[in-house]
Amino acid sequence: MKVFGIAGRSGMGKTTLLERLIPALVARGLSVSILKHSHKDIEVDRPGKDSHRLREAGCQEVLLLGRTRWALMHELRDQAEPTLQELLPRIQSCDLLLVEGFKSGDFPKLEVWRAEVGKPLLWPDFPGIVAVASDTQPPAEAPRWLDLRDTQRLVELMLSEAHDTAELTPREGLQNLSSIRLVRGLSVGDDDGHGSDHARP
């Protein structure tokens, strides 16, 4: 299983880009999953539902099974936040695991950057950024630049730079997870709460 990350500051359009890249990857015959980081206290079910009531009653885990999908909710409560190595066994084997967010994780990732948002690049202050995808030319000192609209080149970058999960070292574990969502395919919403359109140096 290979891993590749998509990173960027809030509002840059990471999820919107993934919505375009994932079908292109699947069209190549690849199975794709996502591990998505959220800074919010996420809720998969709704207050008042049986699953929510039982989880609030003290269950450590609640597994929901419906006709078209299943979801496992695990309460961290006072437990230490898991590392990437601890999360990987919970994900069904796939060809490519995409990681959205986790800026501090030391694994290959693409930074999404748009000048109009008015925020600086993550690079070089965060590890693993191998290229920047932008709709404008980023600063000259930035790593490899790719056109944000060039789906084909972005897919080729991801496949060429993706890292084998078996080779991840403890240093590359994803520390300090405030909350996680593990989903098969693309999850709904993004880690910064925006729906805007929008490794190794």
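## The overall layout

Walk along the sequence and you meet the pattern β-α-β-α-β-β-α-β-β-β-β-α-β-β. In other words, the chain holds 4 helices and 10 strands. Keep in mind that this is a predicted model.

How much of the chain is buried? Of its 201 residues, 45% count as buried. As for the outside, the chain exposes about 10,600 Å², and carbon and sulfur atoms supply 50% of that area.

## Helix α1

Let's start with a helix. Helix α1 covers residues 14–26, which makes 13 residues. From its first C-alpha to its last, α1 reaches 18 Å, close to the 18 Å expected at 1.5 Å a residue.

Which residues of α1 are buried? They are Lys14, Thr15, Leu17, Leu18, Leu21, Ile22 and Leu25. So there are several leucines in that list, but Lys14 and Thr15 are in it too.

## A nonpolar patch on the surface

Now for the outside of the chain. Leu63, Leu65, Trp70 and Leu72 together make a nonpolar surface patch of about 480 Å². Two strands are behind this patch: β3 (61–65) and β4 (70–74) each supply at least two of its residues.

Take Leu63 as an example from the patch. Leu63 sits in strand β3. Is Leu63 buried or exposed? Leu63 counts as exposed because its relative accessibility is 52%, and the cut-off for exposed is over 50%.

## Thr165 and its contacts

Thr165 gives us a look at a loop. Its place is between β9 (163–164) and β10 (180–183). Even though this is a loop residue, Thr165 counts as buried, because its relative accessibility is 13% and buried means under 20%.

What does Thr165 touch, leaving aside residues up to four places away in sequence? The answer is Met1, Lys2, Val3 and Leu88. Met1 is worth a second look: Thr165 and Met1 are 164 residues apart in sequence, yet their C-alpha atoms are 5.8 Å apart in space. If you have the 3D view open, try finding Thr165 in the loop between β9 and β10, then look for Met1, one of the residues it touches.

Note on methods. Residues are numbered from 1 along each chain as its sequence is written. This is a predicted model: local features need pLDDT of at least 70, side-chain atom pairs count only at pLDDT 80 or more; totals for chains, interfaces and linings use all residues. Side-chain values use heavy atoms; hydrogens and water are left out. Patches are made of residues with over 30% relative accessible area and no salt bridge: like charges are joined within 9 Å, nonpolar side chains (Val, Leu, Ile, Met, Phe, Trp, Tyr) within 5 Å. Accessible areas come from the Shrake-Rupley method with a 1.4 Å probe; for residues, only the protein chains shown count as cover. A salt bridge is a side-chain nitrogen of Lys or Arg within 4 Å of a carboxyl oxygen of Asp or Glu. Buried means under 20% relative accessible area, exposed over 50%, partly exposed in between (1.4 Å probe, protein chains only). The expected span of a helix is 1.5 Å times one less than its number of residues. Contact means heavy atoms within 4.5 Å.
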